Amino acid sequence: MTVFSNFGKYGIVGVGGGGVLLEVKMWGAGGGADASGPGGQGGGGGGYTTAEFTVQPGTNFNIVVGQGGHTDNPSIGTGGSGGGYSGIFLGPVTQGNALAIAGGGGGGSDSYGGPTSQVPGRQGG
């Protein structure tokens with residue numbers, strides 16, 4: 001089993017040998033929290049997906065691991081940013097080449113706008 005745990009694009013990962021059943025489990029990165037006040041909200045968790053497919057020798061994949069969202073800057077109160085997606089692609093990283101994608105979690109809302117603006121980040125898809 002190979003684990004890709006650091007965010008970034010891993011480029012081409014090749015598969016050798018005969019036909020192989022590939023099982024993929026991936027998580028999108030969590031969203032960043034709001035740190036601007038006592039009503040700040042946490043970011044949502046990244047989504048999870050799993051997939052199985054048979055691959056042939058010489059098949060190359062591009063693998064992307066999402067980066068966690070950033071916590072806001074408390075001095076300006078922007079809210080947290082969303083987390084990045086993770087995915088495996090057959091060829092260039094495009095939506096049409098995606099074999100499986102796990103969405104990133106939403107960022108936590110800013111607490112400076114009053115109680116109605118205090119919304120936690122949403123779970124990724």
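This passage describes the fold, the accessibility and selected side-chain contacts of a predicted model.

The protein contains zero helices and six strands, so that its elements read β-β-β-β-β-β from the N terminus on. Of the 125 residues in the protein, 36% are buried. The accessible surface amounts to about 6,800 Å², and carbon and sulfur atoms contribute 55% of that area. Among contacts with a separation of 6 or more, 69% are made between residues 24 or more positions apart.

S86 is found in strand 5. With a relative accessible area of 4%, S86 is buried, because buried residues are those under 20%. The side chain of S86 has polar atoms close to two backbone positions. A polar side-chain atom of S86 lies 2.9 Å from the backbone oxygen of W27, and a polar side-chain atom of S86 lies 3.0 Å from the backbone nitrogen of G66. When residues up to four places away in sequence are not counted, S86 touches M26, W27 and G28. S86 also touches V64, V65 and G66, together with A100, I101 and A102.

W27, whose backbone oxygen faces this side chain at 2.9 Å, also takes part in an aromatic pair. Three aromatic pairs are found in a search of the whole structure. In one of them, the ring centres of W27 and Y48 are 4.9 Å apart and the planes meet at 45°, which makes the pair tilted. W27 belongs to strand 2 (residues 20-27) and Y48 to strand 3 (residues 48-55), so the pair links distant parts of the chain, 21 residues apart. The relative accessibility of W27 is 53%, and W27 therefore counts as exposed. Y48, at 42%, is partly exposed. A further pair is formed by Y85 and F89, with ring centres 6.3 Å apart. The planes of Y85 and F89 stand at 80°, so this pair is edge-to-face. The two residues differ in exposure class: Y85 is partly exposed at 36%, whereas F89 is buried at 2% relative accessibility.

L90 is located in the loop between strand 5 (86-89) and strand 6 (98-102). The relative accessibility of L90 is 42%, and the residue counts as partly exposed. Leaving aside residues up to four places away in sequence, L90 touches T59, N60 and F61, as well as N97 and L99. L90 and T59 are 31 residues apart along the chain, and their C-alpha atoms are separated by 8.1 Å.

N62 is placed in strand 4 (residues 60-65). This residue is buried, with a relative accessible area of 8%. A polar atom of the N62 side chain lies 2.6 Å from the backbone oxygen of G91.

The count of salt bridges comes to one. This salt bridge is formed by K25 and E23, with the closest N and O atoms 4.0 Å apart. E23 is partly exposed, at 47% relative accessibility.

Terms used:
Residues numbered from 1 in each chain as written. Predicted model: local features only at pLDDT ≥ 70, side-chain atom pairs only at ≥ 80, totals over all residues. Heavy atoms only, no water. Salt bridge = Lys/Arg side-chain N within 4 Å of Asp/Glu carboxyl O. Buried < 20%, exposed > 50% of the residue type's maximum accessible area, 1.4 Å probe, protein only. Phe/Tyr/Trp six-rings, centres within 6.5 Å; stacked < 30°, edge-to-face > 60°. Helix = DSSP H or I, 4+ residues; strand = E, 2+ residues; numbered from the N terminus. Polar contact = N/O pair within 3.5 Å; in protein donor to acceptor, adjacent residues only side chain to side chain. Contact = heavy atoms within 4.5 Å. Areas by Shrake-Rupley, 256 points an atom, 1.4 Å probe, with all protein chains shown as cover.
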